[in-house]
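This report covers sheets, helix packing and cysteines in one protein chain. Please keep the sequence and the 3D view open while reading.

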Amino acid sequence: MNRTKSALILLCSLATTAAWAETAQEARVKKLIEPRMGANIKVDSVVKTPYAGLYEVRTNGDIFYTDENADYIVVGKVIDTRTYKDLTKERVDQLAAINFTDLPLDDAIKTVKGNGKRVMAIFEDPNCPYCKNLHKTLQDIDNVTVYTFLLNILSDDSAVKSRDIWCAADRSKAWNEWMVNGKPAAAATAACPTPNDKVLALGKKLRIVGTPTVYFSDGSRTGSALDAKALEQKLASLK
């Protein structure tokens, strides 16, 4: 079986894991690996992958891999060499799915384009170059509402830039001017209230470690780069 088929089987099998009971072999690996993880470490689940005899081990939101006898721990990413997809990251994003309506949207910058019927939320840092690339991609997407959570994790001045943008008379315009044209918002007073700390806490709760991180209205998440075609296809697939 080629690698592409294996990758597809992996994604399909892991997507339905929640509906399956743990197999005897998976239970055995879990029993072996848990005491080897150290004191007070709980293994949440063990799932057999379709390649290399590896087992996915999940603990406290993290994913790594082990063999059938739990003799070795493999830490890092599994990459499909044909598509170059980061399968580990896709799995992490799958596990990170949320109920979109639980997001505190009042703490985000709201931007409406066209009829705004399609909805997404993006966690971004004002100093993130990948966020700026995504923002340019969004220029070609219509009929969408974007909620931008300013997650200041990259630079010391990220929080200052976010404060100035949040405190602008037109937050959406100020954000767009900065991300597209590099035009900073006018300096706001330090006393201007912002949701910066709340967004940081939310990002930690959702285990967001990089920007941009995108949530769609179905609760799915991606931190992978999306071109306009892929983004449009994803939005079109949502009801």
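## Helix 6 and its two sides

K173 and N181 are exposed, on the other side of helix 6 from its buried residues. The model is predicted.

Which residues of helix 6 are buried? They are S172, A174, W175, W178 and M179, within a helix that spans residues 171-181. These buried residues cover an arc of only 165° around the axis, so they sit on the same side of helix 6. Their cover includes three strands and two helices: strand 5 (109-113), strand 6 (118-124), strand 7 (144-150), helix 4 (129-138) and helix 5 (158-166).

Both ends of helix 6 have local features. D170 caps the N-terminal end, with a side-chain oxygen 3.3 Å from the backbone nitrogen of S172. Just after helix 6, G182 adopts a positive phi of about 70°.

## The mixed sheet

Strands 5, 6 and 7 return here. Five strands make an open sheet with mixed pairing, in the order 5-7-6-8-9. Strand 5 and strand 9 (221-222) are the edge strands, and each pairs on one side only. Strand 6 and strand 8 (residues 213-216) run antiparallel and are joined by four bridges. Within this sheet, M120 stands opposite F216 of strand 8.

## The antiparallel sheet

A further open sheet has four strands in the order 1-2-3-4, with antiparallel pairing. Strand 1 (45-48) and strand 4 (73-74) are at its edges; each has a single partner strand, so one side of each has no neighbour in the sheet. Strand 2 (residues 55-59) and strand 3 (residues 62-66) run antiparallel, joined by five bridges. R58 is placed opposite I63 in strand 3. In general, strands of a sheet pair through backbone hydrogen bonds, either parallel or antiparallel.

Two helices lie across these strands. Helix 2 (residues 24-33) lies across strand 1, strand 2, strand 3 and strand 4, and runs at about 130° to strand 1. Helix 3 (residues 87-95) lies across strand 1, strand 2 and strand 3, and runs at about 135° to strand 3.

## Cysteines and the disulfide

How many disulfides does the cut-off give? With sulfur atoms required to be within 2.5 Å, the count comes to one disulfide. The pair is C167 and C192, with sulfur atoms 1.8 Å apart. The link is left-handed, at -110° about the S-S bond. It ties together distant parts of the chain, 25 residues apart: C167 is in the loop between helix 5 and helix 6, and C192 is in the loop between helix 6 and helix 7 (196-205).

Accessibility is tabulated below for three cysteines and for S158.

| Residue | Relative accessibility | Class |
|---|---|---|
| C167 | 24% | partly exposed |
| C128 | 2% | buried |
| C131 | 0% | buried |
| S158 | 0% | buried |

C167 counts as partly exposed because its 24% falls between the limits of 20% and 50%. C128, at 2%, is buried because the limit for that class is under 20%.

## S158 in helix 5

S158 belongs to helix 5. Is S158 buried or exposed? At 0% relative accessibility, S158 counts as buried. What does S158 touch, leaving out residues up to four places away in sequence? The contacts are D125, P126, N127 and N152.

Terms used: Residues numbered from 1 in each chain as written. Predicted model: local features only at pLDDT ≥ 70, side-chain atom pairs only at ≥ 80, totals over all residues. Heavy atoms only, no water. Pairing = 2+ DSSP bridges. Contact = heavy atoms within 4.5 Å. Axes fitted to C-alpha atoms, helices over the stretch in contact; angles between N-to-C directions. Buried < 20%, exposed > 50% of the residue type's maximum accessible area, 1.4 Å probe, protein only. Arc of directions from axis to C-beta. Polar contact = N/O pair within 3.5 Å; in protein donor to acceptor, adjacent residues only side chain to side chain.
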